[in-house]
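Biologist: Could you take a close look at one part for me, the place where the two chains meet? I'd like a walk through it in plain words, please.

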Number of protein chains: 2
Amino acid sequence: MHRFDDALTLTSLGDGRYRGRTSPAYANMVGPFGGITNALMLHAVMRHPQRQGEPVALTVNFAAAIADGEFDIVAKPVRTSRSTQHWTIELKQGEDVQTTATAMFALRRVGEGWSGSEASAEVLPGPEGAAPPEALAASPTQGLPAWVRSYDIRAIEGGFERLLAGAAEEQSLTRLWLRNEPPRPLDFESLAAMADGFYPRVFLRLGRRVPAGTVSITTYFHADGATLRAQPAGSHLYGVARGMEFRDGYFDQAAELRTAEGRLLARSTQVVYFKG
Amino acid sequence: MHRFDDALTLTSLGDGRYRGRTSPAYANMVGPFGGITNALMLHAVMRHPQRQGEPVALTVNFAAAIADGEFDIVAKPVRTSRSTQHWTIELKQGEDVQTTATAMFALRRVGEGWSGSEASAEVLPGPEGAAPPEALAASPTQGLPAWVRSYDIRAIEGGFERLLAGAAEEQSLTRLWLRNEPPRPLDFESLAAMADGFYPRVFLRLGRRVPAGTVSITTYFHADGATLRAQPAGSHLYGVARGMEFRDGYFDQAAELRTAEGRLLARSTQVVYFKG
């Protein structure tokens, strides 16, 4: 079994309650990699027997650190219409709520109606002009949390090597290629995990690692499951992230995940606590 | 009493449950203006006796249309630490959940630590170079939903007059000045309402109004209460919004609210259903 699927393993306790266990392969500095928690909250809905459709929006709030060991996730469909479904999700350890989430699922009318994208290159740069992954060095992993070794990351700019170099940067842009390590087919859960695959932007601006942690992340999915399944398992996605406003101990950062051809798959925004 | 405070009036039923009533002054095409619902979900936390700190992040999911009349909001503090507090919030009519939300509050360390903003002009343009509100025409209100008349809106570009002109635009950028009508001091609730004060971007791209509605909106607050209270009650905020990816019946749009001097107060992102 792939280490990602192992980390996502949930045992049904009935009535939308699932039991899981933290995975050493996705450990972060403190507690699990936020991306694996993002994926777990989504996965509890994906495998729920009442689930209808595919994810459009997911917000996950990191209320407290998840301790190593077992946890329960409770997923509840609070409202279902003909084409949409709204969920609330909680991750608990004992009586403590460590993570809350909401999700919106929909039966997408794929290929129907008007479509277009807008000025995306002005928001965050796309993959155009980037060297391909095979022409770039693999990310360093030494001295970095375990989860980094569960991805193959090839930085175009602003990767972990910049972080380890310890120089303060004028801007916090990271552009990279990434895929699961070992390769694994793409699905909504792995996309949700990768949406948090960018370290806190304040590290790049300050040129050092400071206490920091995501407090809330929102991910919008811009692709249907068939589009994800059509991606070759060994292929890298293009990822880009940038910090925005840093003030009073919090900042926000935006990220996008695209295919090598530039097709947007997911866009996320998160707010991060920092002390620096 | 100001119409906004009237619309926010909640009667405590005890144990974090509040009863409210929809307000004709903030009616939209179908049901209430999303901004007033955004503000109400936040207000239930703001006035909760266990509330600690000020809002940092708020996600509101529009699960079903709110019918005219009474509703109950239940706000629950699910996790409180020394400096942060996480909430879940539900709006119900009878047994039906119409709206879900999560919020993160914090005791901000105002003015402490490193601060900065990054390349914001590349994300969405700021107020620099815009004509002041008094030099611009008031927004049309004829043929538009009631909530528009509860604001004084002065479009710099892409306002309601473009929508009413019915021409498809190359891009969906709106820049405007807005304040409550009549004037009212700024607080987190009015900021939350204004964060949704931009009509669906797809209207601008298609040059016509089509069935559309926000399904989820996330707002990050980048100012503390004292900064909001320092804004003169009669002053306009600068607002800017743009659509991003339109596909398969959904699109996302980003918005910012700033002071006339360009100080960022809130940033929001939302995903919107449309049929067009």
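Modeller: Happy to. Let's start with one residue pair: A:F246 has B:G116, in β7 of chain B, as its bridge partner. Keep in mind that this is a predicted model. That pair belongs to a strand pairing that crosses between the chains: strand β11 of chain A (residues 237-247) is joined by two bridges to strand β7 of chain B (residues 116-117), and the two strands run antiparallel.

Now zoom out to the whole contact. Chain A puts 66 residues into it, and chain B puts in 66 residues. Between them the chains bury about 5900 Å², with 53% of that on carbon and sulfur atoms. If you want names to click on in chain B, try B:W114, B:E118 and B:D248: they lose the most area to chain A, and together they make up 15% of what the chain B side buries.

What about charges and polar atoms? There are four salt bridges between chain B and chain A. One to pull up on screen is A:D252 with B:R267, where the closest N and O atoms sit 2.7 Å apart. Polar contacts across the interface of chain B and chain A come to 31 residue pairs, counting those with both residues at pLDDT 80 or more. Sorted by class, the side of chain B that touches chain A is made of 26 nonpolar, 23 polar and 17 charged residues.

Next, how the copies are arranged. Chain B lands on chain A after a rotation of 180° with 0.0 Å of shift along the axis, and the RMSD is 0.0 Å. The two copies are therefore related as by a two-fold rotation axis. To find that axis from the chain B side, go to B:V123: its C-alpha is the one in chain B nearest the axis, at 2.4 Å. And 100% of the interface residues of chain B are interface residues in chain A too, so the copies meet through the same surface.

A few local details are handy while you have the chains open. The peptide bond between A:E181 and A:P182 is cis, with omega about -5°. You'll find A:P182 in the loop of chain A between β9 (174-180) and α5 (188-194). Chain B has a cis bond from B:E181 to B:P182, with omega near -5°, and B:P182 is in the loop between β9 (174-180) and α5 (188-194) of chain B. Another backbone oddity to look up is A:D15, a residue other than glycine that has a positive phi, near 60°. A:D15 lies in the loop of chain A between β1 (11-14) and β2 (17-21).

Finally, come back to B:D248, one of the residues in chain B that lose the most area to chain A. From there to B:A146 is 102 residues in sequence and 30 Å in space, C-alpha to C-alpha. B:A146 is in the loop between α3 (120-123) and β8 (151-157) of chain B. Setting aside neighbours within four places in sequence, B:A146 is in contact with B:P24, B:A25 and B:A27.

Notes
Residues are numbered from 1 along each chain as its sequence is written. Chains are lettered from A and ligands numbered from 1 in the order in which they are written. This is a predicted model: local features need pLDDT of at least 70, side-chain atom pairs count only at pLDDT 80 or more; totals for chains, interfaces and linings use all residues. Side-chain values use heavy atoms; hydrogens and water are left out. Contact means heavy atoms within 4.5 Å. Buried area is the accessible area (1.4 Å probe) that two parts lose on being put together, summed over both. A salt bridge is a side-chain nitrogen of Lys or Arg within 4 Å of a carboxyl oxygen of Asp or Glu. A polar contact is a pair of N or O atoms within 3.5 Å; within protein, one must be able to donate a hydrogen and the other to accept it, and residues adjacent in sequence count only if both atoms are side-chain atoms. Ala, Val, Leu, Ile, Met, Phe, Trp, Tyr, Cys and Pro count as nonpolar, Asp, Glu, Lys and Arg as charged, and the others, Gly among them, as polar. Two strands pair if DSSP finds at least two bridges between them. Helices (H or I, at least four residues) and strands (E, at least two) are DSSP runs, numbered from the N terminus. Copies are superposed by least squares on the C-alpha atoms of residues with pLDDT of at least 70 in both.
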